Amino acid sequence: MRLPILTLTAIVTLFVAADAGAQTYDPRYPVCMHVYTPGGFGGGGGDYFDCSFTSLPQCRATASGRSASCDVNPYYAFDEPPPAPRRRHKKVH
């Protein structure tokens, strides 16, 4: 009785464990192309992101004629200028 329970537990554990998802967005590039792929026979369709573009026009030229759209990468670290230094006021006596 012990062996069937352990076997069943092992099988259930294998089915419940999900694959670790890969990172969808590459943080090195500011623009991503979202490519939509149709499902073939029996399903299997899906979509993916290609984050290898430096500008929206570059991405749109590549996406032209395809089932795809271009978006700004939400994980790209845009270089923001540092805040201006605060002015110090002298006390007048």
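## Burial and the basis of the model

A residue counts as buried when its relative accessible area is under 20%. By this cut-off C70, with a relative accessible area of 14%, is buried. The structure described here is a predicted model, and this report covers its sheet and its disulfides.

## The sheet

The strands form an open sheet of 3 strands in the order β2-β1-β3, with antiparallel pairing. β2 (46-53) and β3 (68-72) occupy the edges, and each has a single partner strand, so one side of each is left without a neighbour in the sheet. From one strand to the next, the twist averages 25 degrees.

In general, the strands of a sheet pair through backbone hydrogen bonds, in either a parallel or an antiparallel manner. Here, strand β1 (residues 31-37) runs antiparallel to β2, and 6 bridges join the two. Within this pairing, Y36 has D47 of β2 as its bridge partner.

## Disulfides in outline

A search of the whole structure finds 2 disulfides. When the bonded cysteines of the protein are numbered in sequence order, the pairing is 1-2, 3-4.

## The C32–C51 link

C32 is joined to C51 by a disulfide with an S to S distance of 1.9 Å. The link of C32 and C51 is right-handed, with 105 degrees about the S-S bond. This pair links distant parts of the chain, as C32 belongs to strand β1 and C51 to strand β2, 19 residues apart. The strands that carry these cysteines are also the ones joined by 6 bridges.

Both ends of the link can be placed by their accessibility. C32 has a relative accessible area of 2% and is therefore buried. C51, at 7% relative accessibility, likewise counts as buried.

## The C59–C70 link

The sulfur atoms of C59 and C70 lie 2.1 Å apart and form a disulfide. The link of C59 and C70 is left-handed, with -90 degrees about the S-S bond. C59 lies in helix α2 (residues 56-63) and C70 in strand β3, so the pair ties together parts that are 11 residues apart in sequence.

β3, the strand that holds C70, is one of the edge strands of the sheet. C70 is nevertheless buried, at a relative accessible area of 14%. On the helix side of the link, C59 counts as buried because its relative accessibility is 0%.

Terms used. Residues numbered from 1 in each chain as written. Predicted model: local features only at pLDDT ≥ 70, side-chain atom pairs only at ≥ 80, totals over all residues. Heavy atoms only, no water. Pairing = 2+ DSSP bridges. Helix = DSSP H or I, 4+ residues; strand = E, 2+ residues; numbered from the N terminus. Axes fitted to C-alpha atoms, helices over the stretch in contact; angles between N-to-C directions. Disulfide = S-S within 2.5 Å. Buried < 20%, exposed > 50% of the residue type's maximum accessible area, 1.4 Å probe, protein only.
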